[in-house]
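Subject: The structure I promised you

Hi,

Here is the structure we talked about, with the sequence alongside. Open it up and have a look, then read on for what turned up.

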Amino acid sequence: KFKLLYVITLAMMSNITFAIDLQPGEIKAPSGRFNAAQISYLYVEKGDKYTHGTKTPNNSNINQNAMLFRLGHAFEINQMPAYIYAQSSYNHMENKNLPNIPDTDSNGIGDTTIALALWPYANRAKDEYFGMAGYLSLPTGDYDKNRAINSGLNIYQTALQAGYQTKLTNNINWMTALDTILSSNNNQYLGNNKLEKDLIYNFQTGFQYVFNPTYSVSASYFYTIGGESTFNGQDMGDINKIHRYQLTGQANYAFGRLTVQYGSELANENSYIEDHRLVTRYSFRF
């Protein structure tokens, strides 16, 4: 039973853990000084369980629903474009096919993420940009050491990211980004056990086709490696090797930007594979 709870908890952590997916066009440097807000709905459904790339017998159906709230501010630092934001969430997570396993559902506030981005290079004439960002995730979310599933992770996380975007043709933009994530230890994991996670490395790239100033579509690819767990000093051999994709449609209106995204994982070597990811977003300035 404890081993099953361990596996389920790690799978749910991979849903809500610190992720830095950039949105299409997000590497483009902001212009001027303004405030912005973003409200997002996220639905994730995980299916088959894989261990070292091999599918294992499993009847689980792990789902997550989340509302994410972000407030940001654009400004300049030494004439360089800059942007800062804070984000938190409210989560509902469940495993529908394990009625005899307690504490595999959770409702609560997620951890808070603070990010600061700077653009050392922003050529608006060529529509070419290079940006860097630092992230800090604080353990402000709901967490109970006796519960298998939690909305908060009970850890601190920091990340550094660098991204580049350029215009290939009048209608096509290309972007790519790299980041690395460092996590502190969780010393209250499933009781008073100690969970450590190695560095996580992420690569992403994508193309955006702009029909006109209002509508655009995008396709992105993501690769994650690292994050192997150590449980009470024992190496678990569960390194992440994840390939996934995401399709995006955006519409820019006078009242704000609407975004719809769908994606899934193509391969996940050591966890429950993500069958479906649906995201809707509303962003606006004020």
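Leaving aside its neighbours within four places in sequence, which residues is phenylalanine 130 in contact with? Leu118, Trp119, Pro120, Tyr121, Ala162, Gly163 and Tyr164. Keep in mind as you click around that this is a predicted model.

A bit more on that phenylalanine. Phenylalanine 130 sits in strand 7. Its relative accessible area is 30%, so it counts as partly exposed, a class that runs from 20% to 50%. One of its contacts is Leu118; leucine 118 lies 12 residues away along the chain, and the two C-alpha atoms are 8.8 Å apart.

Now zoom out. The protein chain has 18 strands and one helix. Of its 286 residues, 48% are buried. If you take the contacts between residues at least 6 apart in sequence, 63% of them join residues at least 24 apart. The accessible surface adds up to about 13,800 Å², and carbon and sulfur atoms account for 57% of that.

With that many strands to choose from, try strand 16, which covers residues 240–253. It pairs with strand 13 (residues 215–226) in the antiparallel sense, over 12 bridges. To find that pairing on screen, look for tyrosine 221, whose bridge partner in strand 16 is tyrosine 245. Strand 16 is also joined to strand 17 (residues 256–268) by 12 bridges, again antiparallel. There, histidine 243 has alanine 267 in strand 17 as its bridge partner. Strands 16 and 17 make a hairpin, with two residues between them. A handy thing to remember while you look at strands: in a regular one, the side chains alternate between the two faces of the sheet.

Last stop is a loop. Asparagine 154 is in the one between strand 7 (128–138) and strand 8 (157–167). Is asparagine 154 buried, exposed or partly exposed? Partly exposed, because its relative accessibility is 26%. Beyond its neighbours within four places in sequence, it is in contact with Asp111, Pro139, Tyr143, Asn185, Asn186 and Gln188. With asparagine 186 there is a polar contact, side chain to side chain, at 2.9 Å. Glycine 141 is 13 residues from asparagine 154 along the chain, and their C-alpha atoms are separated by 7.5 Å.

Happy exploring!

Methods:
Residues numbered from 1 in each chain as written. Predicted model: local features only at pLDDT ≥ 70, side-chain atom pairs only at ≥ 80, totals over all residues. Heavy atoms only, no water. Helix = DSSP H or I, 4+ residues; strand = E, 2+ residues; numbered from the N terminus. Buried < 20%, exposed > 50% of the residue type's maximum accessible area, 1.4 Å probe, protein only. Contact = heavy atoms within 4.5 Å. Areas by Shrake-Rupley, 256 points an atom, 1.4 Å probe, with all protein chains shown as cover. Pairing = 2+ DSSP bridges. Polar contact = N/O pair within 3.5 Å; in protein donor to acceptor, adjacent residues only side chain to side chain.
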